[in-house]
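Let's take a walk through this structure, going from its sheet to its ring contacts and then to its charged pairs. Keep the 3D view open as you read.

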Amino acid sequence: MDEIGRRYLLLVLRLGHHLPDLVSSYLGPAELAEAVAGEAPTPAEELHLEALALKAEAAERLGGSEADERRGAWLADQLSALAASARLVAGEEIGFIDLVEELYGIAAEAEPAATFDSARRHLIEVLPPGRTLAARLASHDRSVSIPPEVAMRAVQRMTNALHQRTIRDIWLPEGESVEIVARQERDSAVYLGGMQTRIGIDARAPLTIERLVHLAGHEAYPGHHAERASKEALLVRERTLGEAMVMCRFTPAEAISEAIAELGRGLVLDDQELSGVLRHLLRDLGLDIPDEAVDRELTVARARVQLGRASGNAALMAWHEGVPTTEVRSWLADTALIGGEALDAGMAELATERGAARPFRRLVGPRIVAEWLEAQGGAHGLTRLLSEQLTPRQLRREIEAAAG
């Protein structure tokens, strides 16, 4: 690990004193983390200055090779985001639109109403009859629920199928693995290091087909686990890049990570192939879910992705337009067709300005990545995303270069 990587790690760990949710996984030297844990918190103003100083030094020292230039560009974007977080900790006010741009390197734009209208039309066309659209959606969910006694086997089978496709079409490092466990809490996925991930499945909640595919594809292959294991093998073990030893939320890298998890499954297993895999899996498990219900579920899942974009609009309403919380909650419930824990979780995310910026990493990030993948080619592009340090700004520059 060189001095730039070491300083980056120290900066993140010290900023994590103030922001406990900043670090999602840490693979660096244990003694470094222990030393920082024993320090008094570094003033946020000092951390802001260190982020800017390290950004300048990286720009000056990293160059000459394509790999160094790419590393320098990635560090510049990450350090800009960390500097913005330090400014927030120090009490500085940053306008919401500017905050999203500084944290993620993406624009905070409202989703057109046409997106939600289109999603509703698709749901109206395919859902079984019912009194309201929300009731029809709930009835559909029940029709594609997998019984608790086979839920674990279903997730394991789906994960295995996507694992095989990812190895066939992309690549995975030798020795990586995913452990799936049942729990009495909300679903979770924790990267343990050593190219291992533990996915916890909430045994209390019904396992719909949509949730099954999300757990296997988004969290495992070729989603978050595949990215973290690949980068640990290539960037940490082979290149010993200090900055690759820690994964941070509220940064451009998180937007790329979310885009990989959102788009990756479709690149190794498109919806038509997925339908066949699901039908075979359900028959093997002895479940009597009709083929037409499986196909309907895929349409419903696509519509829900569109409706989920309402979270960005809700964030803008709350933090840019000053709409009262009760009105934001009501609008989000009606537009996204959610309630209960899902609505509570969405509103909890909007409770702080920094949290309200997070929806945009899963809304805008995938759009930029999808446009970039069109020029790169799906398999080649996904291979790069899983193995290289890239940010939305870097992808936009490559898109512009290709167009020019």
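**A sheet, some rings and some charges**

Helix H8, covering residues 148–169, lies across S3 and S5, and it runs at about 165 degrees to S3. Bear in mind that this is a predicted model. Helix H10 (residues 224–238) also lies across strands, in this case S3, S4 and S5, running at about 10 degrees to S4.

So much for the helices; now to the strands themselves. The open sheet is built from 3 strands in the order S3-S5-S4, with mixed pairing. At the edges sit strand S3 (177–183) and strand S4 (188–193), each of which pairs on one side only. On average, neighbouring strands of this sheet are turned by 20 degrees against each other, direction ignored. If you zoom in on S4 and strand S5 (residues 196–202), you'll find the two running antiparallel, joined by 5 bridges. For a concrete spot to click on, take Val190, whose bridge partner in S5 is Arg198.

Next, the rings. A pair of aromatic rings is described by the distance of the centres and the angle of the planes. The structure holds 3 aromatic pairs. One of them is Tyr8 with Trp74, a tilted pair at 6.0 Å centre to centre, with 45 degrees between the planes. Tyr8 belongs to helix H1 (residues 3–18) and Trp74 to helix H4 (residues 66–89), so this pair ties together parts that are 66 residues apart in sequence. Are these two rings buried or exposed? Tyr8 counts as buried because its relative accessibility is 0%. Trp74 is buried too, with a relative accessible area of 6%.

Another ring worth a look is that of Phe250. Arg354 lies over its face, 3.6 Å from the ring centre. Arg358 lies over the face of Phe250 as well, at 5.3 Å from the ring centre.

Arg354 also takes us to the salt bridges, of which a search of the whole structure finds 36. Arg354 forms one with Asp21, where the closest N and O atoms are 3.0 Å apart. This pair links distant parts of the chain: Asp21 sits in the loop between H1 and strand S1 (23–26), while Arg354 is in helix H17 (residues 353–357), 333 residues away. The two partners differ in how they are classed: Asp21 is partly exposed, at a relative accessible area of 33%, whereas Arg354 is buried, at 11%.

Now back to H4 for a second salt bridge, between the side chains of Glu102 and Arg87 (2.7 Å, N to O). Glu102 is in helix H5 (residues 96–104) and Arg87 is in helix H4, so the pair ties together parts 15 residues apart in sequence. Glu102 counts as partly exposed, with 24% relative accessibility, and Arg87 counts as buried at 17%.

A third salt bridge brings together the side chains of Arg329 and Asp344 (2.7 Å, N to O). Here the link is between helix H15 (residues 325–336), home of Arg329, and helix H16 (residues 340–349), home of Asp344, with the two residues 15 apart. Arg329 counts as partly exposed at 31% relative accessibility, and Asp344 is partly exposed with a relative accessible area of 41%.

Finally, a spot where charged pairs chain up: salt bridges that share partners join Glu66, Arg70, Arg384, Glu388 and Glu398 into one network.

Key
Residues are numbered from 1 along each chain as its sequence is written. This is a predicted model: local features need pLDDT of at least 70, side-chain atom pairs count only at pLDDT 80 or more; totals for chains, interfaces and linings use all residues. Side-chain values use heavy atoms; hydrogens and water are left out. Two strands pair if DSSP finds at least two bridges between them. Helices (H or I, at least four residues) and strands (E, at least two) are DSSP runs, numbered from the N terminus. Axes are lines fitted to C-alpha atoms, for helices over the stretch in contact, and angles run from 0 to 180 degrees between N-to-C directions. Contact means heavy atoms within 4.5 Å. Rings of Phe, Tyr and Trp (its six-membered ring) pair if their centres lie within 6.5 Å; planes under 30 degrees apart count as stacked, over 60 as edge-to-face and the rest as tilted. Buried means under 20% relative accessible area, exposed over 50%, partly exposed in between (1.4 Å probe, protein chains only). A charge sits over a ring if NZ of Lys or CZ of Arg is within 6 Å of the ring centre and within 35 degrees of the ring normal. A salt bridge is a side-chain nitrogen of Lys or Arg within 4 Å of a carboxyl oxygen of Asp or Glu.
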